[in-house]
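Student: I am looking at a protein model for the first time. Could you show me how the words used to describe it are earned?

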Amino acid sequence: MTDATPPVDDDPYLWLEDVTGERALGWVRARNAETAARLTGGERFDRVRDELREVLDSDNRIPYVRRRGEHLYNFWRDATHPRGLWRRTTLEEYRTAAPDWQVLIDVDALAEAEGENWVWQGAAVLRPGLRRCLVELSRGGADATVVREFDLERLEFVDGGFELPEAKSSVGWIDEDHIYVGTDFGEGSLTSSGYPRLVREWRRGTPLAEAPVVFEGKPEDVSVRAYHDATEGWERDFVRRNVDFYRSELYLRTADGLVRIDVPEDANASVHREWLLVRTRTPWGEYPAGALLAARLDGFLAGERAMTVLFEPDAHTSLDYYAWTRNHLVLGTLSDVKTRLRVLTPAHGGWRDEPLAGVPEVGSVDLVGTDPHEGDEFFLDVTGFTEPSKLVRGVVGGQLETLRQAPAFFDSTGLVAEQFFATSADGTRIPYFVVGAHENRPGPTLLTGYGGFEVSQTPYYSGMTGRGWLARGGTYVLANIRGGGEYGPDWHNQAIKANRHRVYEDFAAVAADLVERGITTPERLGIQGGSNGGLLTGVMLTRYPGLFGAVVSQVPLLDMRRYHKLLAGASWMAEYGDPDDPADWAYLSRYSPYQNVHSGRKYPPALFVTSTRDDRVHPAHARKMVARMREQGHDVGYYENIEGGHGAAADNAQLAFKWALVFEFLWERLAGDQRR
């Protein structure tokens, strides 16, 4: 269907949108059995699955931590605790080889005691006392959670405390007796995207239905939320209205009502102590897109508009992330997709700007955490394609300390990581990384990418990819295509809505460049992507089938005709467009994989993987695509985990099984190795 007429619901496979319907689940179980019979049971599958499980359950993995007061908190899964432990220790203990962890919540024990399939989704701890928290647990890994109050001194759930039933809720502490709540209050309380449309202030011991409304958004908004800033001496409250995925409004809540912080809707505004920071996505007056600006909040609210430029992008460098310590601002930038760190400090007469000394120049450096309340400590994760992660601690102005070093999960001898550039259809240079051994070229190659929502793809160490692919002679490729944020917001803005074709042209250019350089051949080139990346690989399957020997699409969007009607899909219309608008459907219809797969055409073999419990991207996308491809006689496989959420796995056993399926499929199709 390629005309500009808004689509109608004439889909013969609509019944597969009934997530837990008996007929739909019967179809799922039949497809799962077929895929298991085809891909599992061989010696290689069993070996890969066991090796991946060993990586996931390894006691030598880094237990990443988050500082809350005197304690470092960690969530940990292993073979003995597949659902996980929420625990804490001190920095002194963490420095030892075997820290003494205090277990706060044993999710496995809780799930067994309550007869529930609990999956940990996090906890919001009350400041400044740090004595209570709001724990979020989901059934089977869904985005929707139940919320329960937990006492961090008694180590038990609070009888009669704050509690919410399963919903896509937003909660946050105000003080010990008040919280902000956005949840499903009944008809009309959710946006068309399925998130809270209004937020209430709930006082302990009172009915939630009687809690006063703080803010009410519009039905077509994505969501609204409120939060309390507990910074000592700067206590205040904010409301954020998310108009769409990229536009929002920030309000300061005062005794006289809500005061709008008047920055462009598509800019991101945040507040720390006396400072307002604004990150631009498009030009704002004299300030370019991708800049980070600062002003004193009181002056800005009084009408002053002069701002200090803390960061300004150039053709090679963009702002990746930033975070406050108590007194400093840490900036992470990307220079041709390589991380550089700087520290900015407010000072009399301006801001001091210095490099963060001592950080190794490897593939990428991620900021694991800071504590903007107490001090100037920060934690970094330093990693590369062939360099296992290191957890590094520092205090601004001091020396860096390596707290933990992850083990090498695969032999990287002979492996090299290189960066190349391909030329897309419009002449744009597209960077990509290649990891592998030169003597294996041309050979089986796995290309992956994302290309959406301004998400940058940076180098990282993966024991899973290493064991399942690299150590077995494969080459791995990570493409930095447009739609991401590798070169700032313009890199993303060039490829949204009507210009989305550039994402796919970029990826196709990388594929062609790999062949031209002799790294692989079309028959031995496989692709894999998840979520928006699953849409990417679905489009490549239908539009560029001759470039690839195998395609893996995980938890994907595929039916762009109905995506906005399925679960959280409406929240992504700022990225893709509105299928009900004839002008938008005119371009969506040209690439929507579900509408563009046809009989009589030759496609590479494909494997689709999703989860019943994914309540973000509806499993019907993959279900319907596979049903249509089967009807047309194409070579297609399918596996749907009955639980697992958007990650398609609820525990390490499921995750290892899922990835073993993917690697087995790729080895069979790209190397011709059948059931080894």
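Tutor: Let's begin with pairing: two strands pair if DSSP finds at least two bridges between them. Helices (H or I, at least four residues) and strands (E, at least two) are DSSP runs, numbered from the N terminus. This is a predicted model, in which local features need pLDDT of at least 70 and side-chain atom pairs count only at pLDDT 80 or more, while totals for chains, interfaces and linings use all residues. Residues are numbered from 1 along each chain as its sequence is written, and side-chain values use heavy atoms, leaving out hydrogens and water.

Student: How do you know that β30 and β31 are joined?

Tutor: Between strand β30 (residues 416-423) and strand β31 (residues 429-436) there are 8 bridges, and at least two are asked for, so they pair. The two run antiparallel, and V416 stands opposite G436 in β31. Their hairpin has 5 residues between the strands, and there G427 takes a positive phi near 95°.

Student: What makes β27 and β28 partners?

Tutor: Strand β27 (residues 377-383) is joined to strand β28 (residues 390-395) by 6 bridges, in antiparallel fashion. Set against the rule of at least two bridges, they count as a pair. V382 stands opposite K390 in β28, and the hairpin of β27 and β28 has 6 residues between its strands.

Student: Which strand does β28 also pair with over 4 bridges?

Tutor: That is strand β29 (residues 401-405), again in the antiparallel sense. K390 has Q405 of β29 as its bridge partner. In the hairpin of β28 and β29, with 5 residues between the strands, G397 takes a positive phi near 95°.

Student: Why are β10 and β13 said to stand at the edges?

Tutor: Look at their sheet, an open one of 4 strands in the order β10-β11-β12-β13 with antiparallel pairing. β10 (170-175) and β13 (213-216) each have a single partner strand, so one side of each has no neighbour in the sheet. From one strand to the next the twist averages 20°. β10 meets strand β11 (residues 178-182) over 5 bridges in the antiparallel sense, where G172 has Y180 as its bridge partner.

Student: What makes β18 and β21 edge strands?

Tutor: Their open sheet has 4 strands in the order β18-β19-β20-β21, paired antiparallel. The edge strands β18 (268-272) and β21 (308-311) each pair on one side only. On average, neighbouring strands here are turned by 30° against each other, direction ignored. β18 is joined to strand β19 (residues 275-279) by 5 bridges, running antiparallel, with V271 opposite L276.

Student: Now the helices. Why is α2 called oblique to α13?

Tutor: Helix α2 (residues 43-57) and helix α13 (residues 652-671) pack at an angle of about 140°, with their axes 8 Å apart. That angle makes α2 oblique to α13, because under 35 degrees counts as roughly parallel, over 145 as roughly antiparallel, 65 to 115 as roughly perpendicular and the rest as oblique. (Axes are lines fitted to C-alpha atoms, for helices over the stretch in contact, and angles run from 0 to 180 degrees between N-to-C directions.) Their contact residues divide into 13 nonpolar, 1 polar and 6 charged. (Ala, Val, Leu, Ile, Met, Phe, Trp, Tyr, Cys and Pro count as nonpolar, Asp, Glu, Lys and Arg as charged, and the others, Gly among them, as polar.)

Student: And what makes α1 and α12 roughly perpendicular?

Tutor: The axes of helix α1 (residues 22-39) and helix α12 (residues 620-632) come within 12 Å and cross at roughly 65°. The perpendicular class starts at 65 degrees, and α1 and α12 are therefore roughly perpendicular to each other. The contact (heavy atoms within 4.5 Å) involves A24, L25, W27, V28, R31 and E34 of α1 with R623, V626, A627 and R630 of α12. By class, that contact has 6 nonpolar, no polar and 4 charged residues.

Student: One more: why is the pair of Y227 and F238 called stacked?

Tutor: Rings of Phe, Tyr and Trp (its six-membered ring) pair if their centres lie within 6.5 Å; planes under 30 degrees apart count as stacked, over 60 as edge-to-face and the rest as tilted. By this rule there are 28 aromatic pairs. For Y227 and F238 the ring centres are 5.5 Å apart and the planes at 25°, so the pair is stacked. Y227 lies in strand β14 (residues 223-229) and F238 in strand β15 (residues 236-242), 11 residues apart.
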